[in-house]
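User: Hi! I am new to reading protein models and would like to learn how the descriptive words are earned. Could we go through this one together?

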Amino acid sequence: MRAWVLGGLLALIAGHAWAEVTVTFYAHPGARVRGGDLLFPHAYVHAEGTEEVTGQPVDWSAGFTAKSPGPHLLFARGGGVVTAPDARYVDEGKPFLTLTVDDATWHALKARAEWWNSPEGSVYDLRRRNCITFIADLARIAGLRTAPEPSMKPGSFLEATAALNPAAAWREARPIPAGTAPSTEPAAAG
């Protein structure tokens, strides 16, 4: 019985050591038609992983957009809303930044996204307060430096922000830290 209890405690400790939430900032290219819908360029965030303290799984995506899209937004402000992009939309996006955050930062990100849905936060302005402004706000909460905004080009904004945060810049295959795995490639001739 004692071994079983000790094994269970070790499993819990090990499980919490692996718990982490990864936050990735994406841009969707837009400017095309799919299924009769015109897709506009857009920026959004996706968080996934496991909370360290509670062990709760995390799978959350959010972007800020106009409640009523249309040409009127070229001339006037409107209502905005934080929404979760559908899975296909997320799959088509390009990641620019990714980082692991602690539970406190994860909760701060969620709370700030909820503020953007409040009466004070839900003002949408195509040129000055759009999906890029939302992403920049969340990136700063996550501890990243951000490029100048506002902008109407999500990919350009996130590319410039990634240049300011090289440690968080997206790489197709994350490198393994030196000394953690033996090399399987022959040494290059010098």
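User: Which residues is Phe-134 in contact with, leaving aside its neighbours within four places in sequence?

Analyst: Happy to help! Bear in mind that this is a predicted model. Phe-134 contacts Ala-62, Gly-63, Phe-64, Val-82, Ala-113 and Trp-116. Phe-134 is also, with Phe-25 and Leu-158, one of the residues that touch the most other members of the largest nonpolar core, which has 37 residues.

User: Which helices and strands each supply at least two residues of this core?

Analyst: The strands are β1 (21-28), β4 (42-50), β5 (57-66) and β7 (94-101), and the helices are α3 (103-115), α4 (131-141) and α5 (154-164). With seven residues, α4 gives the most to this core.

User: What makes α4 "roughly parallel" to α5?

Analyst: Let's set the value against the cut-off. α4 and α5 pack at an angle of about 20 degrees, and their axes are 10 Å apart. Angles under 35 degrees count as roughly parallel, so α4 is roughly parallel to α5. As for handedness, α4 and α5 have a right-handed crossing.

User: Which residues meet where α4 and α5 touch, and how do they divide into nonpolar, polar and charged?

Analyst: From α4 come Cys-131, Ile-132, Ile-135 and Ala-136, and they meet Pro-154, Phe-157 and Leu-158 of α5. The residues of this contact divide into seven nonpolar, no polar and no charged.

User: How do you know whether Asn-130 is buried or exposed?

Analyst: Asn-130 has a relative accessible area of 3%. Buried means under 20%, so Asn-130 is buried. Asn-130 lies in the loop between β8 (123-124) and α4. Not counting residues up to four places away in sequence, Asn-130 touches Phe-64, Tyr-124, Asp-125, Ser-151 and Met-152.

User: And why is Lys-67 called exposed?

Analyst: The relative accessible area of Lys-67 is 55%. The word exposed is used for values over 50%, so Lys-67 is exposed. You can find Lys-67 in the loop between β5 and β6 (78-83).

User: What does Lys-67 touch, not counting residues up to four places away in sequence, and how far in space is Lys-67 from Val-123?

Analyst: Lys-67 touches Gly-79, Gly-80 and Val-81. From C-alpha to C-alpha, Lys-67 and Val-123 are 9.7 Å apart in space, while in sequence they are 56 residues apart.

Notes
Residues numbered from 1 in each chain as written. Predicted model: local features only at pLDDT ≥ 70, side-chain atom pairs only at ≥ 80, totals over all residues. Heavy atoms only, no water. Core = buried A, V, L, I, M, F, W, Y, C linked by side-chain atoms within 4.5 Å. Buried < 20%, exposed > 50% of the residue type's maximum accessible area, 1.4 Å probe, protein only. Helix = DSSP H or I, 4+ residues; strand = E, 2+ residues; numbered from the N terminus. Contact = heavy atoms within 4.5 Å. Axes fitted to C-alpha atoms, helices over the stretch in contact; angles between N-to-C directions. Parallel < 35°, antiparallel > 145°, perpendicular 65-115°, else oblique. Left-handed = near helix turned anticlockwise from the far one by under 90°. Nonpolar A, V, L, I, M, F, W, Y, C, P; charged D, E, K, R; others polar.
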